[in-house]
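Student: I have a chain to go through. Can we take it by question and answer?
Tutor: Yes. Here are the sequence and the structure.

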Amino acid sequence: MAERNRRTVRDLRRGNRARVLQRLYFDGPLSRQELGPVTGLSSGSISNVVAELSAEGLLEEAGVVDSDGGRPRTLLRVAPDGGLLVGIDIGETRVRVELFDLSLTELARTERLLAQHGYDVERIVAHVRTGVADVLRNAGADPRRLLGIGIGVPGIIERDGPEGPDGTRGAVVHGQTIGWRAVPFEQLLREAVDVPPEVPLFIDNGARTLGQAEMWFGGGRGAGAAAIALIGSGVGACVDHGDILDEDRMSLALEWGHTTVQLRGRRCRCGSIGCLEAYAGAEALRERWREAGGPLPEDADDETALAALLAAAFPARRGATPDPVALSLLDETAECLGAALADLINLFLPERILIGGWAGLLLGPRLLPEIRRYANEYALSHAAARTTIEMGRLGPDAVTVGAATLPLADFLTRGGSRPGPGGSGTPPRTAVEAVRERHRTAMS
């Protein structure tokens with residue numbers, strides 16, 4: 001019984017710390033007096049928690065504000081130098097590694113370009129290893145200050161893969177479109193990346209990390225439900241339900257790019273036919289533009305090809321004639337995207353849809369009006385009337401920032417406690433995992 005009481009007190013203390021840290025992180029700076037109502041904690045509890053977190057270097061003063069008839073109130077915020085985070089975007093054209101402080105201010109970055117179809121697992125692991133070493137060295141950062149490393153990857157993530165040599169289980173990646181079949185990615189990274197063993201790794205789908213970044217800091221902030229589309233060489237999406245501070249918030253990665261938009265359509269790189277990705281992904285657009293006679297060098301990569309396609313359809317030179325084939329191809333792309341977004345609208349009833357990813361950021365400014373028009377044509381009218389379709393606001397670094405939020409979310413949930421030995425990261429729950437956890441709790 002004594003052990004249970006000690007465990008309960010410890011959990012209560014951690015929960016109080018988490019409430020204060022989370023409120024200050026997302027809504028700060030705040031005074032001690034303001035923290036009481038928003039956290040539900042007593043003034044005594046607030047004082048104790050603030051004193052603890054300040055002594056640990058996690059909180060700092062952020063100025064003072066006048067009080068009505070009383071003494072000025074000191075504002076508090078989460079200290080940016082309270083820890084370090086690494087975010088990694090394993091995209092289909094490059095591996096981007098960035099080092100951040102707790103405010104997600106970038107301290108250093110590096111990129112490794114990938115050759116076309118160069119998705120060799122060993123090469124990717126080597127890029128991550130050297131990239132992490134480079135950003136730490138370039139920033140003069142101590143690896144022992146790392147709170148975790150977040151990685152966004154294409155594909156389906158299996159959280160508890162087969163047991164490794166050290167007896168632990170790690171994330172396994174099933175990336176059918178890139179030739180990854182049950183890759184024990186977390187184990188490979190743990191063996192390769194030179195950081196202290198207690199530093200946790202968090203691996204998640206890249207669309208989901210993009211979505212978390214937009215929900216926390218971008219166009220999804222304040223939405224009760226949002227869908228975020230990632231359009232790059234491939235296509236993915238995630239759906240978020242709930243406020244960022246809601247314990248029951250759910251985030252679900254979707255293989256949206258492999259929903260069918262054309263019966264007996266083009267062959268997708270996943271092996272199926274008629275997938276959205278076979279029409280709207282940058283790799284597919286490159287091939288379609290080449291098939292249509294577009295003037296492309298044989299070795300043109302996806303980014304070069306998409307830029308050429310847009311330049312042909314929307315020439316910058318005044319008086320130049322748009323290429324009708326390029327315009328027709330892009331209109332078909334807008335219709336496919338609009339129809340696929342209509343599926344998201346009908347299935348999930350989001351308040352907002354955001355379009356991101358490097359190719360989405362290039363296509364969106366030109367195609368957004370047509371995408372909206374087609375989405376309205378294909379979706380149920382009541383559902384479509386409740387949904388806005390906008391561009392993501394965080395730019396090409398959104399996946400990397402979102403990857404860094406994975407260890408940050410864990411750090412905030414743990415009330416600022418440092419990772420212990422073992423270093424196995426547990427990303428925020430998916431919708432399915434949340435339901436399973438509630439079921440296990442009810443049955444126990």
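**Strands, rings and a helix**

Student: Is strand 15 mostly covered or mostly open, and how many of its residues are buried?
Tutor: This is a predicted model. Strand 15 spans residues 352-356. The strand is mostly covered, and of its 5 residues the number buried is 4.

Student: Which residue of strand 15 is the bridge partner of A227?
Tutor: Strand 12, residues 225-231, pairs with strand 15. The two run in the parallel sense, over 5 bridges. In strand 15, the partner of A227 is I353.

Student: And which residue of strand 16 is the bridge partner of I355?
Tutor: Strand 16 covers residues 388-391. Its pairing with strand 15 is parallel, with 4 bridges. The partner of I355 in strand 16 is M391.

Student: Take the open sheet with the order 8-9-10. By how many degrees are its neighbouring strands turned against each other on average?
Tutor: The sheet has 3 strands, and the pairing is antiparallel. Strand 8 (156-158) and strand 10 (180-183) are the edge strands, as each pairs on one side only. With direction ignored, the average turn between neighbouring strands is 20 degrees.

Student: Which residue of strand 10 does G175 stand opposite?
Tutor: Strand 9 covers residues 172-175. It is joined to strand 10 by 2 bridges, and the two run antiparallel. Opposite G175 in strand 10 stands W180.

Student: How is the ring pair of Y119 and W180 classed?
Tutor: The structure holds 5 aromatic pairs. In this one the ring centres are 5.5 Å apart and the planes are at 55 degrees. Planes under 30 degrees apart would be stacked, and over 60 edge-to-face. An angle of 55 degrees therefore makes the pair tilted.

Student: How many residues apart in sequence are the parts that this pair ties together?
Tutor: Y119 lies in the loop between strand 6 (106-113) and helix 4 (121-138). W180 is in strand 10, so the pair ties together parts at a sequence separation of 61 residues.

Student: W180 also pairs with F185. Are these two residues buried or exposed?
Tutor: The W180 and F185 rings are 5.1 Å apart, centre to centre. Their planes are at 55 degrees, and the pair is tilted. Y119 is buried. W180 and F185 are both buried.

Student: Which residues do ring pairs link into a cluster, and which ring has R373 over its face?
Tutor: The cluster holds Y25, F26, W216 and F217. R373 is 4.4 Å from the centre of its ring, and that ring belongs to Y374.

Student: Now helix 8. Which helices are among what covers its buried residues?
Tutor: Helix 8 runs over residues 282-291, and 7 of its 10 residues are buried. Among them are A282, L285 and W289. The cover includes helix 7 (277-280), helix 9 (302-313), helix 10 (324-348) and helix 11 (358-378).

Student: Which residue just after helix 8 takes a positive phi?
Tutor: The helix ends at residue 291. The phi in question is about 90 degrees, and the residue is G293.

Student: Where is the pLDDT below 50, and how many contacts does the model have there?
Tutor: The chain mean is 88, and 89% of residues reach 70 or more. Residues 1-5 fall below 50, with 0 contacts beyond near neighbours in sequence. The pLDDT is also under 50 over residues 422-444. For that stretch, the contacts beyond four places in sequence number 42.

Methods
Residues numbered from 1 in each chain as written. Predicted model: local features only at pLDDT ≥ 70, side-chain atom pairs only at ≥ 80, totals over all residues. Heavy atoms only, no water. Buried < 20%, exposed > 50% of the residue type's maximum accessible area, 1.4 Å probe, protein only. Pairing = 2+ DSSP bridges. Axes fitted to C-alpha atoms, helices over the stretch in contact; angles between N-to-C directions. Phe/Tyr/Trp six-rings, centres within 6.5 Å; stacked < 30°, edge-to-face > 60°. Lys NZ or Arg CZ within 6 Å of the ring centre and 35° of its normal. pLDDT = per-residue confidence, 0-100. Contact = heavy atoms within 4.5 Å.
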